[in-house]
Amino acid sequence: MMLAIGEQQDFTDEIQRVSLCEALDRILNKGAVVSGELTIAVANVDLLYLSLQLVITSVETAKREMLHVRH
């Protein structure tokens, strides 16, 4: 997609048109972080709390980013 100078892009339309294959390609090339929290409780007593952070990327991207961080 090419835009002329001064032309605005509607990002909401682009986000809705991204296919699963394109999304997977972007995630593997740039990486993504998924985070969440989980609390298991019984009778309003919290028994277990988990805070999760998951990094999703390709091995090549991870190696490239590690080299970039070291220098």
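**Figure 1. The whole chain, and how little of it is tucked away.** Of the 71 residues in this protein chain, just 3% count as buried. Keep in mind that you're looking at a predicted model. The chain has three helices and two strands, and if you read along the sequence, you meet them in the pattern α-α-β-β-α. About 6,900 Å² of the chain is exposed, and carbon and sulfur atoms supply 60% of that area. What about contacts between residues that sit far apart in sequence? Among the contacts with a separation of 6 or more, 28% come from residues 24 or more positions apart.

**Figure 2. Two strands side by side.** Here's a look at β1 and β2, which run antiparallel and are joined by eleven bridges. Together they form a hairpin, with two residues between the strands. Take a peek at A43 in the turn: its phi is positive, at about 55 degrees. To find one of the bridges, start at V42, whose partner in β2 is V45.

**Figure 3. Strand β2, out in the open.** How many of the twelve residues of β2 are buried? The number is zero, so this strand lies largely in the open. For a single example, pick L48, which lies in strand β2. L48 has a relative accessible area of 40%, so it counts as partly exposed, since the "exposed" label needs over 50%.

**Figure 4. A nonpolar patch on the surface.** Which residues make up this patch of about 690 Å²? They are L38, I40, V42, V45, L47, L48, L50 and L52. Both strands of the hairpin pitch in: β1 (32-42) and β2 (45-56) each supply at least two residues. The biggest share comes from β2, which gives five residues. You've already met some of these side chains: V42 and V45 are bridge partners, and L48 is the partly exposed residue from the strand close-up.

**Figure 5. T61, a residue that is hidden away.** Now we move to helix α3, which covers residues 59-70 and holds T61. Is T61 buried or exposed? With a relative accessible area of 3%, T61 is buried, because anything under 20% gets that label. The side chain of T61 makes a polar contact with the side chain of S58, at 2.9 Å. If you set aside its neighbours within four places in sequence, T61 is in contact with L28, N29 and K30. Try finding those three residues in the model, then look back at T61 in its helix.

Terms used:
Residues numbered from 1 in each chain as written. Predicted model: local features only at pLDDT ≥ 70, side-chain atom pairs only at ≥ 80, totals over all residues. Heavy atoms only, no water. Helix = DSSP H or I, 4+ residues; strand = E, 2+ residues; numbered from the N terminus. Buried < 20%, exposed > 50% of the residue type's maximum accessible area, 1.4 Å probe, protein only. Polar contact = N/O pair within 3.5 Å; in protein donor to acceptor, adjacent residues only side chain to side chain. Contact = heavy atoms within 4.5 Å. Patch = residues over 30% accessible without salt bridge, like charges linked within 9 Å, V, L, I, M, F, W, Y side chains within 5 Å. Areas by Shrake-Rupley, 256 points an atom, 1.4 Å probe, with all protein chains shown as cover. Salt bridge = Lys/Arg side-chain N within 4 Å of Asp/Glu carboxyl O. Pairing = 2+ DSSP bridges.
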